[in-house]
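Reader: Could you walk me through one part of this model up close, starting from a proline and working outwards from there? I'd like to know what packs against what, and where I should be careful.

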Amino acid sequence: MKNYNVFTLSILAAAFTLQSCGGGAEKPTEPAADTTTVEAADDFEYFAEQFADLKLIRYQIPSWDKLSPKQKELVYYLYEAGISGRDMIWDQNYRHNLEIRKALETILANYSGDKESEDWTKFETYAKRVFFSNGIHHHYSMSKLPADFSGEYLDGLLTETGATLSEEAKKAILDPNFDAKKVNLDPEKGLLKGSAVNLYAPDITEAEVDAYYAKIVDAETTTPISYGLNSRMERDADGKLVENVYKSGGLYGSAIDKVTYWLSKAADVAENKAQGDALRLLVEYYQTGDLLKWDEYNIAWTKATEGDIDYIQGFVEVYNDPKGYRGSYESIVQIKDFEASDRMKMLMDNVQWFEDNSSIMDEHKKANVVGVTYKVVNVAGESGDASPSTPIGVNLPNANWIRATHGSKSVSLGNIVHAYAQAPSKGFSEEFIRTEELRARSKEHGALSSKLHTALHEVVGHASGKLNDGVGTPKETLKSYASTLEEGRADLVALYFLMDSNMVKLGLMPSLEVGMAEYDSYIRNGMMLQLRRVEKGEQIEEAHMRNRQLVASWAYEKGLEENVIEKVVEDGKTYFEVRDYNKLRVIFGELLKEIQRIKSEGDYEAGRALVENYGVKVDAALHDEVLARAEKLNSAPYGGFINPRLVPVMEGEKIVDIKVEYPDDFLGQMMEYGKNYGFLANE
Ligand code: ZN
């Protein structure tokens, strides 16, 4: 399962719903960091470029130099394995994708005509959109990408550059009605007939597929294999259905052989035996295509929890199959986030102190509180279905029986979440932060304050407090308001301690200014900024958004008399600015105490009133204003990433170090991949 970042949906949830925020695991979410920083907190240029509805972002690999040379080598091999399989997702997405990509690459490399013309701009934008989507269908809407140039223009480009396209591939580019949708889930149009995805031969019907699996699925077993995960369904000479398996010597064999070449090298430099064993099982699986081996591998991978390096690799998620059998190729290479781990350990070691010093009533405090752990990793490279558009969190393996028996691994992709938050759009902080002083504080402390908020929210917040004896679970007592109140409580724990000097004493932050930065952005977001995710005329539905408005607007109201938070209107623009941070902390503490009381006592009426009065209704005028101001900034709704480049430093035949480069040219990276990793396209 994946957590996606989708800017167009009015859903604003923490990045870590997968682990502990509960109830939102499969919802598209976006980073928690969005609530806080609105400006780059370091000098790295995250934003690369924007075109159509897409935005390209760069990300850094933090703490690269903390890795030993051998660990870097392991990352490098996994990274190469990942990109070596890239062509597979193109072919899986649509049968003409590789042919089309090759033509686009040839034109882009060789065209020497007028590159200032409108036609060329349209062509290049189309090509970049195709690269972003790993094919000619939109990565999110699944609809065909529009080609705004004529057939004659395309023919001219082909002729001049020596590129070729079959008639049907040309039709696929130019005719919007031909193979219009990659994945169609509307049964009226036919799940397979209406889907252009290349996982079934074109004339195969759903009824045939159902009959095929009804015959082979073992309904008795408690450990079913992932039927159909690694094959294309086709017909043999007699018209009978057969699975053409993705494996060495089989379908996609030439790409798979490259993947296994690098995976074998990775196994040789594994950090420990469990990790090496898992990698060797993955190689065996790719070589044989045996789905029993895939399960064996997944169990080994799930158990390989030691070490700083991990990865996701294979035909994993089945979202692209309207029938839900076949997995899309993907790869994510991950390095432990050392900083986040240190932060979490410090909080875990002191979690009882936080509980004892919280503002909640003593009778609601836990005598022995146990912190909640979550895992943050940094991405070193992504490929296949995970790139350029990426999830922000992943929870695997998918087989339920393996999860139940052997557990699972759940990660938040820390540097991706960070990069998303740093590259909202140009001019964002100028638009929504009024003074230079506040902008400077956000820039200096925003990144750390956001990470600390998340860590406190998860580790301490969700672990805090206890129910009174005999009171049912919050889901039973608080019903539909339970998750908003739970998220509010966790946020308030974080906010309360972000202005506590003990955080400085523990070495978690350099000064209370970090807490002030968090208060600034929390109020800014909760009072208005998040409204840009809500459609005109709508109220707030999503639990995290409700809790943020609840907390911010309750605090605003309670502090009105003493001007704790001031509403400033300047040049027709509204801002909310904190005037008294210590008083605001006291107010947050009061609300925390009250929400914990509601939870501990199961006080439905009080909980309902809080959420309905403060968290749901939208100030229409302010909402309109925020929408207009955000729209002016013209931020693309979908984000994707340019991968770092890993460059081995050789001494003779031996790798002695790996250097990291951060390219900023999206098209350049796509051309490089096509040239160096086109193992199916260039066959
Ligand atoms: Zn939460």
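## Around a proline loop and its strands

Author: P388 sits in the loop that runs between β8 and β9 (391-396). Keep in mind as we go that this is a predicted model. Confidence is a mixed story: the protein chain averages a pLDDT of 92, and 93% of the residues score at least 70. The part to be wary of is residues 5-41, where pLDDT stays under 50. The model does have 143 contacts for that segment beyond four places in sequence, but where pLDDT is low, the predicted coordinates should not be read in detail.

Back to the proline. The peptide bond between S387 and P388 is cis, with an omega of about -5 degrees. There is another cis bond at the step from L396 to P397, where omega is near 0 degrees. P397 belongs to the loop between β9 and α14 (400-406). Both are worth a glance in your viewer, since most peptide bonds are trans.

Now step back from the loop into strand β8 (residues 376-384), which runs antiparallel to β7 and is joined to it by seven bridges. If you want a landmark for the register, take S383 in β8, the bridge partner of S331. β7 also pairs with β6, again in the antiparallel sense, over eight bridges. The landmark there is G314, standing opposite E330 in β7.

How enclosed is β7? Eight of its nine residues are buried, so this strand is largely enclosed by the rest of the structure. As a reading aid, side chains in a regular strand alternate between the two faces of the sheet.

One contact between β6 and β7 is easy to pick out by eye. The rings of F315 and Y329 have centres 6.1 Å apart and planes at 65 degrees; that angle is over 60, so the pair counts as edge-to-face. F315 comes from strand β6 (residues 309-317) and Y329 from strand β7 (residues 328-336), 14 residues apart along the chain. Both rings are shut away: F315 has a relative accessible area of 0%, so it is buried, and Y329 is buried with the value 0% too. They also belong to a wider cluster, in which ring pairs link them with Y246, Y252, Y285, Y286, W294 and Y297.

That's part of a broader pattern, as the structure holds 36 aromatic pairs. Another one to compare by eye is Y212 with Y213: their ring centres are 4.8 Å apart and the planes meet at 80 degrees, so this pair is edge-to-face as well. Y213 is buried, at 1% relative accessible area.

The strands also lead you into the nonpolar interior. The largest nonpolar core has 126 residues, and those touching the most other members are V75, L78, M88, I107, F123, L263 and I335. Helix α2 (residues 69-84) supplies the largest share of this core, eight residues. For a feel of how it packs, follow V75: setting aside residues up to four places away in sequence, V75 touches W64, L67, I309, V333, I335, A380 and L646. Apart from this core lies another one, of 75 residues, with V351, L495, M545 and V611 among them.

β8 and β9 have one more job in this picture, as neighbours of helix α15 (residues 414-422). Nine of the nine residues in α15 are buried, including N415, H418, Y420 and Q422. The cover over them includes β3, β8, β9, β10 (409-413), α17 (436-461) and β13.

Two of those covering strands have a loop residue worth checking. S63, in the loop between β3 (54-58) and α2, has a phi near 60 degrees, which is positive for a residue that isn't glycine. S63 counts as partly exposed because its relative accessibility is 27%. N634, in the loop between α25 (620-633) and β13 (638-642), likewise has a positive phi, near 50 degrees. With 54% relative accessibility, N634 counts as exposed. Most residues other than glycine have a negative phi.

How values were computed:
Residues numbered from 1 in each chain as written. Heavy atoms only, no water. pLDDT = per-residue confidence, 0-100. Contact = heavy atoms within 4.5 Å. Phe/Tyr/Trp six-rings, centres within 6.5 Å; stacked < 30°, edge-to-face > 60°. Buried < 20%, exposed > 50% of the residue type's maximum accessible area, 1.4 Å probe, protein only. Helix = DSSP H or I, 4+ residues; strand = E, 2+ residues; numbered from the N terminus. Core = buried A, V, L, I, M, F, W, Y, C linked by side-chain atoms within 4.5 Å. Pairing = 2+ DSSP bridges.
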